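User: Could you walk me through this model, please? I am new to this, so please explain the terms as we go.
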Amino acid sequence: MTKGTVKKALWFSLVFLVFSSFTHLAAQQTLAVLEGYILMEDESPIPGVAVTAQNTETGVAFTSVTNSKGKFVISGISPGSYDLTAFLQGFDQVTQKGITLSIGSRKSIDFKLKPSTLQENIVVTAVVPTVELKKTSISGLVDRQQIESLPLLNRDFNALTFTKPGVSEDAFGDPRSNATPQGYGETLIDGVSNEELVNNVGRSNIPADAIQEFAVITNQFAAEFGNASSMVRTAITRSGTNEFKGRAAYFYRDEMLDTPNYFVNHESYEGPKITDFEKSPYKYNNISGTFGGPIIKDKAHFFIAYDGLFQTTYNTVTSPLVPRETVPQPFTGHQLLVKLDYQSNLDNNFSLRFLYNPNRTDDMYVGGIWDKTTGTTWDIKPMDIQLNWTLTPTKNSINEMRLLYSTRNQDFYSTNYPDTYNIYRPSLVTGKYSWYPQWTHEKRYQFIDTYTIYTDKHTFKMGLDVASIPMDAHVPAFSPGEFDFSTDAPFNAQDPSTYPDLFLVNVGPSDFPLANIAAALFVQDSWEISKRLTLNYGLRFNYFKTEGYDIKAFDIRHINPRIAFGWDPIGDGKTSIRGGWGTFSSNAMSNAGFNGYVLDLFKFDIVIFPNYPDPFADNPFWALMGVTRADMTISSAGPLRDRYFSKENVVAPYTSQLTLGFQREIFTGWSASLDAVWTKGYHLMRNENLNATIPGTYNPMTGARQRYADNSIGNQFYESDNGHSDYKAILVNLGKKYSQGWSLEASYTLSWSKADVERENTGKSDNADFNWTREYGYTNSDARHRIILNGIVDLPLKFQLSGIFFYHSAYPWTAVYGYDQNLDSNRSDYYDQVRNSNRGFDSMQLNLRLSKFFKIDRFSLQLFAEAYNVFNRANFTSIFNVHGLPLFGKPIQAADPRLLQLGVRFDF
């Protein structure tokens with residue numbers, strides 16, 4: 001062991017001992033806390049009062065006893081509806097009913113007891129404050145009622161993330177926040193990660209009917225949350241109750257219910273309507289069901305949820321070189337969740353969750369100039385097994401342990417012709433796709449242990465989170481090989497002009513590991529300085545290891561301090577002024593390692609003017625001149641081959657966040673908030689070229705070019721940590737939870753987001769700016785204004801109307817020349833000074849659901865119709881960006897037109 005390794009090991013041990021000295025302090029990421037004071041009529045505290053919170057559906061109970069100051073704290077509570085009972089001999093027993101606790105919430109309820117010899121039980125309806133005075137994060141809750149009632153295309157509960165301020169949508173439909181690239185957030189299910197390693201996006205899909213609720217935390221999350229520099233989403237799954245309950249549901253769509261997608265007149269676009277169209281055949285069948293109930297009343301429960309999607313779309317091969325053919329692209333997906341909950345006694349709660357989510361798509365990529373031989377199957381099989389144990393060792397502490405084992409096998413392979421060459425012609429692509437078959441087989445072992453101690457003024461928390469994610473990958477790029485033709489003319493062995501221009505083949509390895517380790521220690525404290533002022537502060541140490549991406553293991557920037565305050569300036573419990581500052585680190589993704597070392601393992605031989613159809617024989621026309629295949633091969637072993645590597649000692653990407661805002665309960669059940677956010681991103685991942693071509697030196701006729709540093713070697717690509725971003729926003733939210741037959745929520749985001757990266761493989765498009773300043777522009781999802789409304793209202797005759805309205809102002813786009821304007825060997829040089837200097841079109845969409853309920857004894861039936869993009873507005877998504885051509889600046893693609901969906905639910 002080297003001296004440097006010993007020093008690092010000692011440093012790590014010291015950090016661990018410092019954290020450990022705080023006596024196992026930690027926190028709950030999914031559970032709730034209920035606290036308060038029990039007082040006499042004269043405001044004097046009552047110690048020794050037994051306080052019990054009992055779930056109204058499961059009967060599971062949680063207890064505490066008031067201390068000398070009359071304070072009680074009940075922690076580790078699963079979200080749900082609770083009755084809170086206080087009892088002490090010689091006083092009236094008081095029960096407050098209908099206390100709703102949400103994921104990660106901390107509610108305070110004070111009440112008074114009267115001395116009595118009759119031991120009466122006084123029942124009151126709890127008035128739970130809407131504003132959590134100790135909360136300093138900027139977050140929003142999506143509850144069960146919203147998941148249940150709002151129109152939700154494809155039954156993906158994650159889509160409701162976009163109803164919260166500070167959330168935007170990227171080109172892949174994934175949520176983004178704080179101007180950070182894709183994969184810089186984290187999603188937790190029941191407190192463990194639901195992240196796949198390749199891109200750091202969702203690993204498994206979970207039935208919407210299996211989600212109890214989820215929180216969207218965009219800023220200032222506590223030190224207990226990690227692996228995210230932007231947004232954290234944390235969801236909790238449903239549990240069974242003391243009653244056997246079930247549901248069967250069915251959703252249906254087809255092309256007869258949809259409106260064709262076409263361009264319409266727009267105040268900024270006067271293009272012609274497309275009137276001659278055919279609706280593409282389409283079928284969508286979604287069946288789902290749930291069933292749950294007691295195993296042992298008040299102690300053990302089970303819950304099962306299933307969601308199956310059977311969908312077929314059709315793409316038409318339109319190449320003039322083959323007969324026109326419409327090819328079905330079937331998709332089949334299954335989501336199965338089984339959950340068991342058991343409370344062995346008041347101090348021990350266990351839960352076991354199993355999830356299996358296989359899905360398969362056939363004949364991907366077929367359509368247009370890609371014929372059926374290119375069809376690819378995408379087969380994914382995620383599986384999770386999670387065990388949670390919540391222990392209450394003392395009346396003022398709680399320990400929560402989570403164990404996760406998950407697998408995710410992802411396979412791409414040729415549907416129809418597995419061993420053919422991939423052949424590119426100007427008007428036709430045939431054969432197996434060059435990069436397939438490929439697969440990634442990922443496992444995840446995660447262990448989390450947290451512990452919390454409550455005192456009169458402090459909530460000390462400490463935890464350990466360790467995840468090992470081994471992954472094996474098989475990527476046989478350009479195997480058996482790819483032919484590129486510059487002509488559509490049929491091959492004629494006697495005509496040299498019909499031979500291919502290039503043949504590419506990989507002669508290097510195809511199998512490699514891509515593993516990751518993420519570990520963290522955190523400590524934090526919530527200090528109640530007074531009943532009106534709370535200070536939340538903490539520290540998180542992160543350790544990341546990604547194969548192929550050289551992360552510096554021990555760096556001061558991997559330690560994230562966070563401090564925030566919550567202040568009630570009036571003292572009525574209805575107003576909170578909050579603010580804070582902190583740093584937040586993301587784990588890298590395996591794609592960074594792929595760019596940093598796997599691409600360098602590939603060895604691509606390029607044969608110029610190869611023989612056909614046998615690329616390993618000599619071209620007969622060159623052979624006449626004594627030129628062999630070897631003479632025409634650019635070998636992967638040559639000095640001009642492109643190289644790929646990782647920058648040394650990179651720092652994990654992180655953000656610095658500064659926030660200030662307030663929240664106010666304006667009426668009973670109504671709250672309003674306004675927050676100012678400033679987020680700076682540092683050390684974001686991107687792909688650089690250390691030996692790019694000097695502008696003006698590339699000769700397109702000969703291929704000669706002058707390198708920046710060394711003309712005797714090829715491109716030198718490396719995955720770096722030099723990216724940065726800047727985000728400023730005002731976030732506004734106004735909401736009323738569902739009560740008295742209706743709910744309403746409105747959010748508004750005013751924001752500016754800039755960055756020089758969009759993904760981990762972002763590279764420079766224009767070498768004219770060697771310092772990347774031209775890449776630093778508005779992010780692809782930067783919209784100055786974003787407005788979202790959602791609501792539910794019960795109508796007469798057992799009808800219900802619900803809807804979501806989305807609006808965002810124009811996204812930016814980049815104008816390019818469309819050719820190598822500055823002779824740097826890169827096409828599409830920027831026309832403007834910086835990327836994303838232009839604005840396209842705004843987007844607006846209204847989605848509605850109309851339901852009719854029928855009640856028969858203990859059974860109920862719900863019939864509903866959903867309309868997405870009710871007014872069939874053409875929301876343009878792509879702009880033709882090649883300057884100098886007739887379509888420049890005009891839209892060429894639009895989002896979905898009006899879609900109609902019918903559904904039925906039967907509850908028993």
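Analyst: Let me begin with a term: two strands pair if DSSP finds at least two bridges between them, and strands (E, at least two residues), like helices (H or I, at least four), are DSSP runs numbered from the N terminus. This is a predicted model, in which local features need pLDDT of at least 70 and side-chain atom pairs count only at pLDDT 80 or more, while totals for chains, interfaces and linings use all residues. Residues are numbered from 1 along each chain as its sequence is written, and side-chain values use heavy atoms, with hydrogens and water left out.

User: OK, so how do E37 and E38 pair?
Analyst: E37 and E38 are paired in the antiparallel sense, over 2 bridges, and within that pairing valine 607 stands opposite threonine 633 of E38.

User: And which sheet is that in, what's the strand order?
Analyst: The order is E26-E25-E30-E31-E37-E38, an open sheet of 6 strands with mixed pairing. Strand E26 (428-430) and strand E38 (633-634) are at the edges with a single partner strand each, so one side of each has no neighbour in the sheet.

User: Which strands run parallel there?
Analyst: Strand E25 (residues 422-425) and strand E30 (residues 482-484) run parallel and are joined by 3 bridges, with asparagine 422 having glutamate 482 as its bridge partner in E30. By contrast, strand E31 (residues 502-506) pairs with E37 in the antiparallel sense over 5 bridges, and there valine 505 is opposite aspartate 605.

User: Where do the side chains of E37 point?
Analyst: In a regular strand the side chains alternate between the two faces of the sheet. Along E37 (residues 604-608), Asp605 and Val607 point to one face and are buried, whereas Phe604, Ile606 and Ile608 point to the other and are not. Buried means under 20% relative accessible area, with exposed over 50% and partly exposed in between (1.4 Å probe, protein chains only).

User: Switching topic: is threonine 534 buried or exposed?
Analyst: Threonine 534, which lies in strand E34 (residues 533-546), counts as buried because its relative accessibility is 3%. Apart from neighbours within four places in sequence, threonine 534 has contacts (heavy atoms within 4.5 Å) with residues including Lys134, Trp527 and Phe565.

User: Last one, how many helices and strands does the chain have?
Analyst: The chain has 4 helices and 53 strands, and buried residues make up 53% of its 908 residues. Its C-alpha atoms fill a box of roughly 115 × 75 × 50 Å, taken along the principal axes.
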